Amino acid sequence: MQTTSRTFTIIKPNAVAAGATGNILDRLISNGFRIRALKMDFLDRNRAARFYAVHRGKPFFEPLLRFMTSGAIVVAVLEREGEDAVEALRTLVGATDPALAAPGTIRHEFGESVTRNAIHASDSPENARKEWSHFFSDDQIVEVDYQPSI
Ligand code: CDP
Ligand code: MG
């Protein structure tokens, strides 16, 4: 069987509010990602602080929590062929600071500042699994593939 790998993304409040959700999902799909789980959600302060616990104590922690609780988000579990879903998504997303993100990346196009940088991408397969479990139970990940012959 073909190897596949998974990662996790959040379309952040500035991108959702800008109406960029469809555009960003289209870019993910057209770059080889399949959506295995998808929903709109809203983080309160406690959930945002749990999600970003690794950054607690950093100077940007409080502004980040304010931003991430400022509007709706869209969260997704993504899958692609091969073992590099995490790296491939990080490449497509671009550098943390949109001003430094390469042309063609999602943050270059939709990011407004280092905090309001439009999209989250997990940094390892282990963290991806941990992160999507804040939003999805295992049985909410859809593993069925289309079978045109049925
Ligand atoms: O998201 P990424 O993995 O590229 O960066 P991070 O270092 O894990 O930081 C998580 C998030 O915190 C970023 O995506 C930014 O939204 C925010 N951040 C910030 O507001 N100011 C910084 N100096 C660094 C990160
Ligand atoms: Mg990170």
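Biologist: Let's start with T7: which residue in β3 does T7 stand opposite?

Modeller: In this predicted model, T7 stands opposite L78 in β3. R6 has a bridge partner in β3 as well, namely E79.

Biologist: What makes β1 and β3 count as paired strands?

Modeller: The cut-off is at least two bridges between the strands. β1 and β3 are joined by eight bridges, so they pass. Strand β1 covers residues 4-11, β3 covers residues 73-81, and the two run antiparallel.

Biologist: How do you know that β4 pairs with β1?

Modeller: The reasoning follows the cut-off of at least two bridges. Three bridges join β1 to β4, residues 119-121, so this pair also qualifies. These strands run antiparallel too, and T9 stands opposite A121 in β4.

Biologist: And how many bridges join β2 to β3?

Modeller: Seven, with β2 spanning residues 34-41 and running antiparallel to β3. D41 stands opposite I73 in β3.

Biologist: Why is β1 called largely enclosed by the rest of the structure?

Modeller: Because six of its eight residues are buried. For β3 the count is eight of nine residues, so that strand is described as largely enclosed as well.

Biologist: Now helix α1, residues 13-17, where N14 is found. Why is N14 called buried?

Modeller: Buried means under 20% relative accessible area. N14 has 8% relative accessibility, so N14 falls under that limit and counts as buried. Leaving out residues up to four places away in sequence, N14 touches F67, F110, E112, R116, N117 and A118.

Biologist: What makes the approach of N14 to A118 a polar contact?

Modeller: The side chain of N14 reaches the backbone nitrogen of A118 at 3.4 Å. The limit for a pair of N or O atoms is 3.5 Å, so this pair is within it.

Biologist: Is A118 itself buried or exposed?

Modeller: Buried: its relative accessibility is 0%, which is under 20%. A118 lies in the loop between α6 (106-110) and β4. Its backbone also deserves a look, as phi of A118 is near 80°, a positive value in a residue other than glycine.

Biologist: On to H120 in strand β4. Why does H120 count as buried?

Modeller: Because its relative accessibility is 10%, under the 20% limit. Its side chain makes a polar contact of 2.7 Å with the side chain of E131. Beyond residues up to four places away in sequence, H120 touches F8, T9, I10, K12, F51, Y52, R107 and E131.

Biologist: Which residues lie nearest the centre of the largest pocket?

Modeller: H120 is one of them, alongside Y52, V54, H55 and L64. The lining has 23 residues, and about 570 Å³ of space lies in this pocket. The elements giving two or more residues to the lining are α3 (45-51), β4 and α7 (125-132).

Biologist: Which element gives the most to that lining?

Modeller: α7 does, with three residues. By class, the lining has eight nonpolar, eight polar and seven charged residues.

Biologist: Let's finish in the segment after α7, where I141 lies. What makes I141 buried or exposed?

Modeller: I141 has a relative accessible area of 8%, under 20%, so I141 is buried. Among the residues I141 touches, not counting those up to four places away in sequence, are R6, R36 and W132. The C-alpha atoms of I141 and A76 are separated by 9.6 Å, with their positions 65 residues apart along the chain.

Biologist: E143 is found in the segment after α7 too. Is E143 buried or exposed?

Modeller: Exposed means over 50%. E143 reaches 53%, so E143 is exposed.

Biologist: How do you know that E143 and R6 make a polar contact?

Modeller: Their side chains are joined at 3.0 Å, and the limit is 3.5 Å, so the pair qualifies. Leaving aside neighbours within four places in sequence, E143 is in contact with R6 and R36. E143 and R36 are 107 residues apart along the chain, while their C-alpha atoms are separated by 6.6 Å.

Definitions and conventions. Residues are numbered from 1 along each chain as its sequence is written. Chains are lettered from A and ligands numbered from 1 in the order in which they are written. This is a predicted model: local features need pLDDT of at least 70, side-chain atom pairs count only at pLDDT 80 or more; totals for chains, interfaces and linings use all residues. Side-chain values use heavy atoms; hydrogens and water are left out. Buried means under 20% relative accessible area, exposed over 50%, partly exposed in between (1.4 Å probe, protein chains only). Helices (H or I, at least four residues) and strands (E, at least two) are DSSP runs, numbered from the N terminus. On a 1 Å grid over the protein atoms alone, a cavity is a set of points where a 1.4 Å probe fits but cannot get out, and a pocket is an open set with protein on both sides within 12 Å along at least five of seven lines; lining residues have an atom within 4 Å of a point. Grid points are joined across faces, edges and corners, and a volume is the space filled by probe spheres set on the points. Ala, Val, Leu, Ile, Met, Phe, Trp, Tyr, Cys and Pro count as nonpolar, Asp, Glu, Lys and Arg as charged, and the others, Gly among them, as polar. A polar contact is a pair of N or O atoms within 3.5 Å; within protein, one must be able to donate a hydrogen and the other to accept it, and residues adjacent in sequence count only if both atoms are side-chain atoms. Contact means heavy atoms within 4.5 Å.
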